[in-house]
Amino acid sequence: HVGDGAGEFGSLTIPDGEDVRFGSLYLGVGHPTAHGYVEINGATAQLRSSVDTWTTGSSILSVGEDGIGELLVTNGATLARRTVYVGNNPGSVGTLTVTGADSLIGVFTGWTLRIGQEGTGTFNLLDGATTSGVAQLLVGNLGGSDGTVNVAGGAILTTTSSGRIAN
């Protein structure tokens with residue numbers, strides 16, 4: 001957990017040359033005032049699932065689990081996770097920004113990118129960044145949620161299956 005508990009702020013920076021692996025990772029956990037921030041910065045910086053296959057195990061990333069979560073992937077960095085939630089629970093606020101040429105969010109094939117699951121979620125894909133392996137993109141997925149996706153500056157957003165905006 002990054003930013004776990006009432007009024008707590010936690011941050012994690014993954015610089016160029018570092019490859020960090022987690023099972024599941026939650027940002028802004030346990031209270032509406034919890035705040036978690038993660039930055040992955042540099043062409044060889046990676047945050048990846050600790051699960052080595054695309055089809056087994058659990059690997060969830062929640063940006064804004066109960067509180068505020070922010071995740072920045074920049075300057076050619078890579079984020080590779082199973083299921084990604086941005087603004088997961090009621091009252092939560094999450095922002096996922098992937099920006100810069102060669103910056104990548106790779107969601108394991110067949111899994112889902114959920115922007116505004118039950119909370120408020122924003123996904124910014126900017127300035128040449130790309131997605132890979134997203135089967136479903138769900139925006140504003142459940143009642144009372146608010147999801148926003150911004151794609152600009154030559155960024156490429158693709159899904160392998162379906163998308164749904166406002167359930």
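Guide: Two strands count as paired here if DSSP finds at least two bridges between them. Please keep in mind as we go that this is a predicted model.

Visitor: Thanks! How many helices and strands does the chain have?
Guide: Let us take the helices before the strands. The count of helices in the chain is 0, and the count of strands is 16.

Visitor: Which residue in β5 stands opposite G10?
Guide: Strand β2 covers residues 9-15 and pairs with β5 in the parallel sense, over 7 bridges. Within β5, the residue opposite G10 is G36.

Visitor: And which strand does I40 look across to, and which residue stands opposite I40 there?
Guide: β5 also pairs with strand β8, residues 68-74, in the parallel sense over 7 bridges. In β8, the residue opposite I40 is V73.

Visitor: Is A34 buried or exposed?
Guide: A34 sits in the loop between β4 (25-29) and β5 (35-41). Leaving out residues up to four places away in sequence, A34 touches G3, G5, G7, E8, G28, V29, G67 and I68. The cut-off for buried is under 20% relative accessible area. Because its relative accessibility is 0%, A34 counts as buried.

Visitor: How far apart in space are A34 and F9?
Guide: In sequence, A34 and F9 are 25 residues apart. From C-alpha to C-alpha, their distance in space is 6.2 Å.

Visitor: What share of the chain's contacts with a separation of 6 or more comes from residues 24 or more positions apart?
Guide: The pair A34 and F9, 25 residues apart, gives a feel for such a separation. For the chain's contacts with a separation of 6 or more, the share from residues 24 or more positions apart is 83%.

Visitor: Which side chain of opposite charge is nearest to E65?
Guide: E65 lies in the loop between β7 (60-63) and β8. Its contacts beyond four places in sequence are Y26, L27, G28, V29, N88, N89 and S92. E65 is buried and has no salt bridge. At 11 Å, the nearest side chain of opposite charge is R114.

Visitor: How many residues are in the largest nonpolar core?
Guide: The residues with the most contacts inside that core are I40, L71, L79, L96 and L113. One of them, L79, touches residues including I40, L71 and L96. In soluble globular proteins, nonpolar side chains tend to be buried together. The largest nonpolar core has a residue count of 28.

Visitor: Finally, what percentage of the 167 residues count as buried?
Guide: A34 and E65 are two cases we met, with A34 counting as buried and E65 buried too. Over the 167 residues of the chain, the buried share is 47%.

Definitions and conventions: Residues numbered from 1 in each chain as written. Predicted model: local features only at pLDDT ≥ 70, side-chain atom pairs only at ≥ 80, totals over all residues. Heavy atoms only, no water. Helix = DSSP H or I, 4+ residues; strand = E, 2+ residues; numbered from the N terminus. Buried < 20%, exposed > 50% of the residue type's maximum accessible area, 1.4 Å probe, protein only. Contact = heavy atoms within 4.5 Å. Lys, Arg positive; Asp, Glu negative; His and termini not counted. Salt bridge = Lys/Arg side-chain N within 4 Å of Asp/Glu carboxyl O. Core = buried A, V, L, I, M, F, W, Y, C linked by side-chain atoms within 4.5 Å.
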